[in-house]
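User: Hi! I'd like to go through some labels for this model and hear the reasoning behind each one. Could you take me through them?

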Amino acid sequence: MTTTLLSPDLELASHSHKAAFDLKGLQYEYAGTSAILLVSVGADYHEGEKLGATIDLINRSNFGQITVAIADTLQRHNLDLPAGRAYELSRRRGDQWIDRNRPLLDRIGSDVDVLRWDDALSHADYPGFLHRVQAAYADDAAYRNAINSTIDRFMARREGDGPLENAAAVRHGCLTYLLEECPIIQPLWASQGYDFVIYPQQISTAMQATRDLFVDDDHVAWLPLRFKKRKSAR
(Lines give C-alpha, C1' and ligand atoms only; values in the text may rest on other atoms or scores of the structure.)
Protein backbone atom coordinates (compact mmCIF):
# COMPACT_ATOMS: atom_id res chain seq x y z
CA MET A 1 0.00 0.00 0.00
CA THR A 2 1.37 3.41 -0.93
CA THR A 3 1.39 6.10 1.74
CA THR A 4 1.22 9.84 1.21
CA LEU A 5 3.44 12.24 3.10
CA LEU A 6 0.86 14.54 4.61
CA SER A 7 0.32 14.72 8.33
CA PRO A 8 2.76 15.78 11.09
CA ASP A 9 4.17 13.58 13.83
CA LEU A 10 1.44 12.55 16.23
CA GLU A 11 1.77 12.82 19.98
CA LEU A 12 -0.54 11.70 22.76
CA ALA A 13 -0.24 11.60 26.54
CA SER A 14 -0.83 8.39 28.47
CA HIS A 15 -0.77 8.67 32.25
CA SER A 16 2.79 9.78 33.17
CA HIS A 17 4.25 9.29 29.67
CA LYS A 18 3.53 10.53 26.18
CA ALA A 19 4.77 8.99 22.94
CA ALA A 20 5.50 10.43 19.52
CA PHE A 21 6.86 9.16 16.25
CA ASP A 22 10.48 10.33 16.04
CA LEU A 23 10.66 10.91 12.29
CA LYS A 24 13.30 13.64 11.99
CA GLY A 25 11.07 15.83 9.84
CA LEU A 26 9.40 13.10 7.74
CA GLN A 27 5.62 13.16 7.58
CA TYR A 28 3.23 10.32 6.85
CA GLU A 29 -0.48 9.74 6.55
CA TYR A 30 -1.42 6.83 8.82
CA ALA A 31 -5.22 6.63 8.61
CA GLY A 32 -6.36 3.31 7.22
CA THR A 33 -2.86 1.89 6.77
CA SER A 34 -1.46 -1.32 8.26
CA ALA A 35 1.37 -1.50 10.77
CA ILE A 36 3.42 -3.96 12.77
CA LEU A 37 3.91 -3.11 16.44
CA LEU A 38 7.22 -4.95 16.94
CA VAL A 39 7.70 -6.09 20.54
CA SER A 40 11.05 -6.99 22.12
CA VAL A 41 10.09 -9.15 25.08
CA GLY A 42 11.84 -7.95 28.22
CA ALA A 43 12.46 -4.37 27.06
CA ASP A 44 11.11 -1.73 29.47
CA TYR A 45 9.64 0.33 26.61
CA HIS A 46 7.28 -2.57 25.86
CA GLU A 47 5.84 -2.64 29.35
CA GLY A 48 3.62 -0.49 31.54
CA GLU A 49 3.36 3.25 30.96
CA LYS A 50 5.48 3.29 27.80
CA LEU A 51 3.51 0.49 26.16
CA GLY A 52 0.31 2.29 27.14
CA ALA A 53 1.63 5.53 25.61
CA THR A 54 2.50 3.65 22.42
CA ILE A 55 -1.00 2.22 22.18
CA ASP A 56 -2.56 5.64 22.75
CA LEU A 57 -0.43 6.99 19.90
CA ILE A 58 -1.51 4.11 17.66
CA ASN A 59 -5.15 4.85 18.41
CA ARG A 60 -4.73 8.56 17.76
CA SER A 61 -3.07 7.77 14.41
CA ASN A 62 -6.13 5.84 13.13
CA PHE A 63 -4.30 2.89 11.62
CA GLY A 64 -6.64 0.53 9.85
CA GLN A 65 -4.94 -2.65 11.02
CA ILE A 66 -2.31 -3.44 13.67
CA THR A 67 -0.36 -6.66 14.04
CA VAL A 68 1.36 -7.03 17.40
CA ALA A 69 4.47 -9.05 16.49
CA ILE A 70 6.06 -10.59 19.57
CA ALA A 71 9.72 -11.35 18.92
CA ASP A 72 9.92 -13.90 21.71
CA THR A 73 11.72 -16.98 20.41
CA LEU A 74 14.07 -14.72 18.44
CA GLN A 75 15.63 -13.98 21.83
CA ARG A 76 16.82 -17.58 22.14
CA HIS A 77 19.96 -16.59 20.24
CA ASN A 78 20.95 -14.24 23.08
CA LEU A 79 20.49 -16.74 25.90
CA ASP A 80 23.51 -18.56 27.27
CA LEU A 81 21.66 -21.87 27.49
CA PRO A 82 21.46 -25.12 25.51
CA ALA A 83 19.33 -24.65 22.40
CA GLY A 84 16.26 -26.50 23.68
CA ARG A 85 16.18 -24.68 27.01
CA ALA A 86 16.80 -21.33 25.32
CA TYR A 87 13.81 -21.91 23.05
CA GLU A 88 11.54 -23.00 25.91
CA LEU A 89 12.49 -20.02 28.07
CA SER A 90 12.05 -17.48 25.27
CA ARG A 91 8.68 -18.97 24.30
CA ARG A 92 7.50 -18.94 27.92
CA ARG A 93 8.54 -15.31 28.29
CA GLY A 94 6.39 -14.53 25.25
CA ASP A 95 3.42 -16.29 26.84
CA GLN A 96 3.93 -14.27 30.01
CA TRP A 97 4.23 -11.01 28.07
CA ILE A 98 0.87 -11.61 26.40
CA ASP A 99 -0.83 -12.52 29.68
CA ARG A 100 0.68 -9.52 31.47
CA ASN A 101 -0.14 -6.98 28.76
CA ARG A 102 -3.50 -8.28 27.50
CA PRO A 103 -5.42 -5.39 29.14
CA LEU A 104 -3.30 -2.87 27.22
CA LEU A 105 -3.57 -4.79 23.94
CA ASP A 106 -7.34 -4.83 24.34
CA ARG A 107 -7.26 -1.01 24.20
CA ILE A 108 -6.08 -0.98 20.58
CA GLY A 109 -8.91 0.49 18.55
CA SER A 110 -7.84 -0.79 15.12
CA ASP A 111 -8.40 -4.27 13.77
CA VAL A 112 -5.70 -6.18 15.65
CA ASP A 113 -4.05 -9.57 15.65
CA VAL A 114 -1.13 -11.08 17.54
CA LEU A 115 1.75 -12.71 15.66
CA ARG A 116 4.24 -14.91 17.50
CA TRP A 117 7.78 -15.17 16.16
CA ASP A 118 7.35 -18.88 15.47
CA ASP A 119 4.43 -18.02 13.18
CA ALA A 120 6.69 -15.75 11.12
CA LEU A 121 9.41 -18.41 10.98
CA SER A 122 6.91 -20.97 9.67
CA HIS A 123 5.56 -18.73 6.88
CA ALA A 124 5.88 -20.45 3.53
CA ASP A 125 7.79 -17.53 1.98
CA TYR A 126 10.32 -17.16 4.79
CA PRO A 127 12.90 -19.74 3.62
CA GLY A 128 13.25 -17.95 0.28
CA PHE A 129 13.80 -14.56 1.89
CA LEU A 130 16.20 -16.10 4.41
CA HIS A 131 18.24 -17.61 1.59
CA ARG A 132 18.45 -14.25 -0.20
CA VAL A 133 19.63 -12.47 2.95
CA GLN A 134 22.19 -15.17 3.73
CA ALA A 135 23.46 -15.03 0.15
CA ALA A 136 23.79 -11.24 0.34
CA TYR A 137 25.75 -11.55 3.58
CA ALA A 138 28.11 -14.03 1.93
CA ASP A 139 28.54 -12.25 -1.41
CA ASP A 140 27.88 -8.52 -0.90
CA ALA A 141 30.67 -6.82 1.04
CA ALA A 142 28.67 -3.66 1.74
CA TYR A 143 25.75 -5.64 3.16
CA ARG A 144 28.08 -7.84 5.20
CA ASN A 145 29.71 -4.73 6.65
CA ALA A 146 26.31 -3.32 7.61
CA ILE A 147 25.43 -6.52 9.48
CA ASN A 148 28.84 -6.70 11.15
CA SER A 149 28.76 -3.05 12.24
CA THR A 150 25.44 -3.68 14.00
CA ILE A 151 27.00 -6.67 15.75
CA ASP A 152 30.00 -4.52 16.74
CA ARG A 153 27.73 -1.99 18.45
CA PHE A 154 25.90 -4.73 20.32
CA MET A 155 29.20 -6.27 21.42
CA ALA A 156 30.44 -2.91 22.65
CA ARG A 157 27.32 -2.49 24.80
CA ARG A 158 27.69 -6.00 26.23
CA GLU A 159 31.38 -5.53 26.96
CA GLY A 160 30.57 -2.30 28.77
CA ASP A 161 29.07 -4.48 31.52
CA GLY A 162 32.35 -6.36 31.90
CA PRO A 163 34.50 -8.84 29.96
CA LEU A 164 32.60 -11.55 28.10
CA GLU A 165 33.52 -15.14 28.93
CA ASN A 166 32.99 -16.27 25.34
CA ALA A 167 32.94 -13.29 23.01
CA ALA A 168 33.05 -15.51 19.89
CA ALA A 169 29.87 -17.32 20.96
CA VAL A 170 28.11 -14.03 21.69
CA ARG A 171 29.11 -12.67 18.28
CA HIS A 172 27.88 -15.83 16.57
CA GLY A 173 24.56 -15.53 18.42
CA CYS A 174 24.23 -11.93 17.24
CA LEU A 175 24.85 -12.92 13.64
CA THR A 176 22.34 -15.76 13.79
CA TYR A 177 19.83 -13.38 15.40
CA LEU A 178 20.20 -10.74 12.68
CA LEU A 179 20.15 -13.19 9.77
CA GLU A 180 16.90 -14.62 11.16
CA GLU A 181 15.34 -11.25 12.02
CA CYS A 182 16.10 -9.13 8.96
CA PRO A 183 14.32 -11.22 6.29
CA ILE A 184 11.16 -11.31 8.39
CA ILE A 185 10.91 -7.65 9.33
CA GLN A 186 11.77 -6.31 5.89
CA PRO A 187 11.13 -8.45 2.77
CA LEU A 188 8.60 -10.87 4.31
CA TRP A 189 6.40 -8.25 5.96
CA ALA A 190 6.78 -5.97 2.93
CA SER A 191 5.52 -8.80 0.71
CA GLN A 192 2.47 -9.08 2.96
CA GLY A 193 1.66 -5.41 2.33
CA TYR A 194 2.43 -3.84 5.70
CA ASP A 195 3.02 -0.10 5.47
CA PHE A 196 4.88 0.54 8.73
CA VAL A 197 6.90 -1.05 11.51
CA ILE A 198 6.52 0.70 14.89
CA TYR A 199 9.49 0.33 17.24
CA PRO A 200 10.97 2.54 19.98
CA GLN A 201 14.50 2.70 18.55
CA GLN A 202 15.84 4.11 15.30
CA ILE A 203 16.33 1.56 12.55
CA SER A 204 19.62 -0.33 12.84
CA THR A 205 22.31 -0.26 10.17
CA ALA A 206 21.63 -3.93 9.42
CA MET A 207 17.87 -3.40 9.09
CA GLN A 208 18.27 -0.30 6.92
CA ALA A 209 20.66 -2.12 4.61
CA THR A 210 18.17 -5.00 4.33
CA ARG A 211 15.40 -2.57 3.47
CA ASP A 212 17.57 -0.79 0.88
CA LEU A 213 18.48 -4.08 -0.76
CA PHE A 214 15.17 -5.95 -0.73
CA VAL A 215 12.23 -3.55 -0.22
CA ASP A 216 10.70 -0.69 -2.18
CA ASP A 217 9.91 2.58 -0.41
CA ASP A 218 6.15 1.94 -0.24
CA HIS A 219 6.32 -0.75 2.44
CA VAL A 220 7.45 -1.33 6.03
CA ALA A 221 8.61 2.23 6.63
CA TRP A 222 10.24 2.44 10.06
CA LEU A 223 8.39 4.45 12.72
CA PRO A 224 10.71 4.95 15.72
CA LEU A 225 9.26 6.29 18.96
CA ARG A 226 10.31 8.76 21.59
CA PHE A 227 8.90 8.96 25.10
CA LYS A 228 8.65 11.95 27.41
CA LYS A 229 7.46 12.38 30.93
CA ARG A 230 4.39 14.59 31.21
CA LYS A 231 5.16 17.80 33.08
CA SER A 232 2.49 17.02 35.64
CA ALA A 233 4.24 13.69 36.39
CA ARG A 234 7.66 15.19 37.08
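Analyst: Happy to! Let's start with Lys24, which sits in the loop between β2 (17–21) and β3. Please keep in mind that this is a predicted model.

User: Why is Lys24 called exposed?

Analyst: The label needs a relative accessible area over 50%. Lys24 has 66%, so Lys24 is exposed.

User: What makes the phi of Lys24 worth a mention?

Analyst: The phi of Lys24 is near 50°, which is a positive value in a residue other than glycine. Val220 is listed for this too: its phi is near 40°, again positive in a non-glycine residue.

User: Where is Val220 found, and how do you know whether Val220 is buried or exposed?

Analyst: Val220 is found in the loop between α7 and β7 (221–229). Buried means under 20% relative accessible area. Val220 has 0%, so the label is buried.

User: Now the helices. Why are α4 and α7 called roughly perpendicular?

Analyst: Helix α4 (residues 126–139) and helix α7 (residues 205–214) pack at an angle of about 110°, and their axes are 12 Å apart. Angles of 65 to 115 degrees count as roughly perpendicular, so α4 is roughly perpendicular to α7.

User: Which residues make that contact, and what makes up the contact by class?

Analyst: From α4 there are Arg132, Val133 and Ala136, while α7 brings Thr210, Leu213 and Phe214. By class, the contact of α4 with α7 has 4 nonpolar residues, 1 polar and 1 charged. Arg counts as charged and Thr falls among the polar residues, whereas Val, Ala, Leu and Phe count as nonpolar.

User: How do you know that Met155 is buried rather than exposed?

Analyst: Met155 is found in helix α5. Its relative accessible area is 5%, and the cut-off for buried is under 20%, so Met155 is buried. Leaving aside residues up to four places away in sequence, Met155 touches Leu164, Ala167, Val170 and Arg171.

User: What puts His172 in the exposed class?

Analyst: His172 lies in helix α6. Exposed calls for over 50% relative accessibility, and His172 has 52%, so His172 counts as exposed. As for spacing, His172 and Tyr87 are 85 residues apart in sequence and 17 Å apart in space, C-alpha to C-alpha.

User: And why does Ala53 get its label, buried or exposed?

Analyst: Ala53 belongs to helix α1 (residues 48–61). With a relative accessible area of 0%, set against the limit of under 20%, Ala53 is buried. Between the C-alpha atoms of Ala53 and Val215 there are 29 Å in space, and the two are 162 residues apart in sequence.

User: Let's finish with the largest pocket. What is its volume, and which residues are the closest to its centre?

Analyst: The largest pocket has a volume of about 820 Å³. There are 31 lining residues, and Phe154, Arg157, Tyr177, Tyr199 and Gln201 are the closest to the centre. Elements that give two or more residues to the lining are β3 (34–39), α2 (83–105), α5 (141–159), α6 (167–191) and α7.

User: Which element gives the most to that lining, and how does the lining divide by class?

Analyst: α5 gives the most, with 5 residues. The lining of the largest pocket has 16 nonpolar, 10 polar and 5 charged residues.

How values were computed
Residues are numbered from 1 along each chain as its sequence is written. This is a predicted model: local features need pLDDT of at least 70, side-chain atom pairs count only at pLDDT 80 or more; totals for chains, interfaces and linings use all residues. Side-chain values use heavy atoms; hydrogens and water are left out. Axes are lines fitted to C-alpha atoms, for helices over the stretch in contact, and angles run from 0 to 180 degrees between N-to-C directions. Helices (H or I, at least four residues) and strands (E, at least two) are DSSP runs, numbered from the N terminus. Angles under 35 degrees count as roughly parallel, over 145 as roughly antiparallel, 65 to 115 as roughly perpendicular and the rest as oblique. Contact means heavy atoms within 4.5 Å. On a 1 Å grid over the protein atoms alone, a cavity is a set of points where a 1.4 Å probe fits but cannot get out, and a pocket is an open set with protein on both sides within 12 Å along at least five of seven lines; lining residues have an atom within 4 Å of a point. Grid points are joined across faces, edges and corners, and a volume is the space filled by probe spheres set on the points. Buried means under 20% relative accessible area, exposed over 50%, partly exposed in between (1.4 Å probe, protein chains only).
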